[in-house]
Amino acid sequence: MAERLEGKVVVITGAGRGQGAAEARLFARAGARVVVTDVREDEGRAVAEELGDQGLYVRHDVSDPASWATVVKEAVHAFGTVSALVNNAALWRTAHVERQRLDEFEALLRVNLLGPFLGIQAVAPVLRAGGGGSIVNISSTAGLVGIPGHAAYGSTKFGLRGLTRSAALDLAGDRIRVNSVHPGAIDTPMVAEAVAGRDWSHVPLGRIGRPEEVGELVLFLCSDASSYITGTEFTVDGGMTAA
Ligand SMILES: NC(=O)c1ccc[n+]([C@@H]2O[C@H](COP(=O)([O-])OP(=O)(O)OC[C@H]3O[C@@H](n4cnc5c(N)ncnc54)[C@H](O)[C@@H]3O)[C@@H](O)[C@H]2O)c1
């Protein structure tokens with residue numbers, strides 16, 4: 001299936017580690033050229049270097065509009081176009097709603113929700129010029145159900161779901177598809193400390209997910225195999241929210 005993303009240029013935010021890095025590797029193996037963006041310069045550069053001619057690292061803060069302009073400019077300069085955007089970068093912090101700090105709430109809002117919004121604004125014109133494309137917003141099961149301690153994070157992830165549906169309707173006429181992906185617990189550096197030694201018997205599939213298991217779904221949504229799918233939510237959580 002090496003042809004699944006042949007000819008595609010995909011921008012993945014926060015791809016220096018975790019799910020974004022796994023997607024960068026998976027997508028390159030499927031034939032894509034990948035723009036790896038992250039605030040973590042060493043990690044981001046290392047992932048892009050692994051991909052050889054198919055990889056480009058751009059230092060990027062998703063909450064900064066000027067930084068998005070740089071990403072689009074560098075992507076087009078290096079690879080000629082952009083075919084898909086994965087809004088993956090995010091911050092995770094938890095606190096009881098009464099003890100949630102305002103500065104942290106605002107930081108999560110800026111990275112997890114404003115970031116993808118700015119990304120859609122920055123990338124849509126290039127996708128449109130290329131005849132269409134795909135935008136995948138990485139939300140969370142915390143964007144589908146309430147979870148204790150997730151007042152800030154959950155608000156941003158529920159918000160991302162609303163942004164996805166609205167943007168999908170605004171952009172459908174340009175053949176730009178916008179969907180959201182809702183991972184459950186996935187084994188990445190983001191949650192490493194919180195999940196260490198945990199029992200997974202509450203998950204119907206009985207284990208934590210692997211980054212590649214989210215990546216396969218995101219790959220499908222970036223590929224032409226999902227050409228009639230837009231404005232939709234996809235859960236990848238081992239069955240956790242099925243009950
Ligand atoms: N791991 C999980 O259990 C889990 C569960 C549900 C949803 N998610 C979501 O999946 C996505 C990927 O998470 P992950 O688990 O791979 O996390 P991670 O922390 O391992 O990776 C996230 C990356 O985003 C980058 N980043 C943070 N702020 C940034 C900014 N302002 N600009 C650019 N890059 C920035 C980080 O440097 C990091 O490399 C996130 O949207 C996260 O909310 C993760």
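In the predicted model, V11 is positioned opposite V35 of strand β2. The two strands concerned, β1 (residues 9–13) and β2 (residues 33–38), are paired in the parallel sense, and five bridges connect them. This pairing belongs to an open sheet of seven strands, in which the order is β3-β2-β1-β4-β5-β6-β7 and the pairing is parallel. The sheet is bounded by the edge strands β3 (55–59) and β7 (233–236), each of which pairs on one side only. On average, and with direction ignored, neighbouring strands of the sheet are turned by 20° against each other.

Two helices were examined in relation to this sheet. Helix α1, formed by residues 18–29, packs on the sheet and touches β1, β2, β4 (84–87), β5 (133–138) and β6 (176–183). The direction of helix α1 makes an angle of about 165° with that of β1. Helix α3, comprising residues 65–79, lies across β1, β2, β3 and β4; relative to β3, helix α3 runs at about 160°.

The model also contains a ligand, with 28 residues around it. Of these residues, R17, D38, N88, Y153 and T188 come nearest. In the side chain of R17, an N or O atom is found 2.7 Å from an oxygen atom of the ligand. For T188, the corresponding separation between a side-chain N or O atom and a ligand oxygen atom is 2.5 Å. The backbone also takes part, as a polar backbone atom of H60 is 3.3 Å from a nitrogen atom of the ligand. On its own, the ligand has 830 Å² of accessible area, of which the protein covers 96%.

Conventions: Residues numbered from 1 in each chain as written. Predicted model: local features only at pLDDT ≥ 70, side-chain atom pairs only at ≥ 80, totals over all residues. Heavy atoms only, no water. Pairing = 2+ DSSP bridges. Helix = DSSP H or I, 4+ residues; strand = E, 2+ residues; numbered from the N terminus. Axes fitted to C-alpha atoms, helices over the stretch in contact; angles between N-to-C directions. Contact = heavy atoms within 4.5 Å. Near = heavy atom within 4 Å. Polar contact = N/O pair within 3.5 Å; in protein donor to acceptor, adjacent residues only side chain to side chain. Areas by Shrake-Rupley, 256 points an atom, 1.4 Å probe, with all protein chains shown as cover.
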